[in-house]
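Student: I've got a new model open on my screen and I'd like to learn how to read it. Can we walk through it together, feature by feature?

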Amino acid sequence: MLDFENVSKSFWTGTQRKIILEDATFSVQPGVNLGILAKNGTGKTTVINMMAGLEKPDSGKIVRNCSVSFPLGFMGGLESKHTATENVRYIAALYSLDQDEVEAFCRWLCDIGEYFDMPLGTYSQGMRARLSLSLMLAIRFDVYLVDEGMPTTTDVGFNRRAGGVMREKFESATLVIVSHDMQTLSRFCTSAAVMHEGKLYFFDSLQEAKALYDYTE
């Protein structure tokens with residue numbers, strides 16, 4: 001489905017080489033929601049971006065025999081000078097989807113009124129979070145990627161609508177979350193891995209993963 005085959009990734013920091021992954025081989029299994037525990041600064045976002053195809057590994061191969069979402073919260077491809085209407089219709093066209101349906105869905109879920117027809121540069125952080133989640137949920141993927149957890153807003157109505165859509169979408173899809181927070185993973189995931197010093201250690205239970213994660217702190 002989504003396979004990493006001997007994948008390595010590192011960055012040069014200016015003084016040393018920072019290893020993100022070293023010869024990692026694993027598969028994201030259909031229907032098994034995976035949580036990856038990792039401390040801040042260890043490369044969580046890099047791993048999720050490689051899954052999405054936004055970054056390439058230094059070596060090895062990533063095989064996607066499925067549709068993989070962009071990471072939740074990723075705003076790349078969206079233009080701040082353009083309106084939400086213009087942005088979501090552009091993304092819908094990229095995925096060969098009905099532009100009217102995608103726009104209508106995002107308008108309903110976001111529920112930001114006239115702001116939907118205003119440039120993204122005028123949006124608050126909460127409004128951007130609504131648009132990001134709405135756009136991801138407007139497109140049906142086999143695998144949904146989440147970096148650091150679901151966005152939270154103070155709008156009860158939006159949270160209720162989005163929660164209902166997520167439950168429906170995730171029943172027939174696979175979820176991958178990378179986070180430093182065990183509580184976030186426990187809400188959605190059934191298996192977990194710990195990312196530590198360029199290695200991924202996989203466990204069948206969240207508690208086993210938490211034990212190793214706590215030990216490495």
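Tutor: Sure. Let's begin with how the chain folds back on itself: among contacts between residues at least 6 apart in sequence, 68% join residues at least 24 apart. Keep in mind that this is a predicted model.

Student: Which helices and strands should I look for, and how many of each are there?

Tutor: Count along the ribbon and you'll get seven helices and eight strands. For the overall build, use the radius of gyration: here it is 18 Å, close to the 17 Å that the globule rule gives for 217 residues, so the chain is as compact as a globular protein of that length. If you prefer a box, the C-alpha atoms fill one of roughly 50 × 35 × 30 Å along the principal axes.

Student: And what about the surface and the charges: how much area does the chain expose?

Tutor: About 10900 Å² is exposed, with carbon and sulfur atoms supplying 49% of it. On the inside, 47% of the 217 residues count as buried. As for charges, there are 21 positive and 27 negative side chains, and the centres of the two sets lie 2 Å apart.

Student: How do I read a nonpolar core? Which residues have the most contacts inside the largest one?

Tutor: The general idea is that in soluble globular proteins, nonpolar side chains tend to be buried together. In this model the largest nonpolar core has 44 residues, and Phe-116, Leu-131, Leu-133 and Leu-135 have the most contacts inside it. Helix H4, residues 125-138, gives the most to this core, with seven residues. Apart from that core lies another one of 25 residues, including Phe-4, Leu-21, Leu-34 and Val-143.

Student: Let me click on Leu-135. What is it in contact with, if I skip its neighbours within four places in sequence?

Tutor: You should find Phe-70, Leu-78, Val-88, Ile-91, Val-102 and Cys-106 around Leu-135. Take Ile-91 from that list: it sits in helix H2, residues 84-94. Ile-91 and Leu-135 are 44 residues apart along the chain, and their C-alpha atoms are separated by 8.5 Å.

Student: Why does Ile-91 count as buried?

Tutor: The cut-off is under 20% relative accessible area. Ile-91 has 8%, so it counts as buried. Try the reading again on Ala-129, which lies in helix H4. With a relative accessible area of 18%, Ala-129 is buried too. Its C-alpha is 8.9 Å from that of Leu-72, though the two are 57 residues apart in sequence.

Student: Can I read a whole helix like that? How many residues of helix H1 are buried?

Tutor: Yes, just go residue by residue. H1, residues 44-52, is mostly covered, with seven of its nine residues buried. The buried ones are Lys-44, Thr-46, Val-47, Ile-48, Asn-49, Met-50 and Met-51. After H1 comes Gly-53, whose phi is positive, near 90°.

Student: Where do I find positive phi in a residue that is not a glycine?

Tutor: Try Asp-111, with a phi of about 55°. Asp-111 is in the loop between helix H3 (99-110) and H4, and at 47% relative accessibility it counts as partly exposed. Glu-197 is another non-glycine with positive phi, about 50°. Look for Glu-197 in the loop between strand S7 (191-196) and strand S8 (199-203); its relative accessible area of 67% makes it exposed.

Student: What about a strand residue, say Thr-174: buried or exposed?

Tutor: Buried, with a relative accessible area of 2%. Thr-174 belongs to strand S6, residues 174-179. Leaving aside neighbours within four places in sequence, Thr-174 is in contact with ten residues you can click through, among them Met-1, Val-28, Asn-33, Asp-142 and Tyr-144.

Student: One last stop, His-82. Where is it found?

Tutor: In the loop between strand S4 (59-64) and H2. His-82 is partly exposed, at 30% relative accessible area. Beyond its neighbours within four places in sequence, His-82 is in contact with Asn-87, Met-118, Pro-119 and Leu-120. For a sense of span, measure from His-82 to Tyr-213: they are 131 residues apart in sequence and 42 Å apart in space, C-alpha to C-alpha.

Note on methods. Residues are numbered from 1 along each chain as its sequence is written. This is a predicted model: local features need pLDDT of at least 70, side-chain atom pairs count only at pLDDT 80 or more; totals for chains, interfaces and linings use all residues. Side-chain values use heavy atoms; hydrogens and water are left out. A nonpolar core is a set of buried Ala, Val, Leu, Ile, Met, Phe, Trp, Tyr and Cys residues joined through side-chain atoms within 4.5 Å. Buried means under 20% relative accessible area, exposed over 50%, partly exposed in between (1.4 Å probe, protein chains only). Helices (H or I, at least four residues) and strands (E, at least two) are DSSP runs, numbered from the N terminus. Contact means heavy atoms within 4.5 Å. The radius of gyration is taken over C-alpha atoms; the globule rule is 2.2 Å times the number of residues to the power 0.38. Accessible areas come from the Shrake-Rupley method with a 1.4 Å probe; for residues, only the protein chains shown count as cover. Lys and Arg count as positive and Asp and Glu as negative; His and the chain ends are not counted. The place of a charge is taken as NZ of Lys, CZ of Arg, CG of Asp or CD of Glu.
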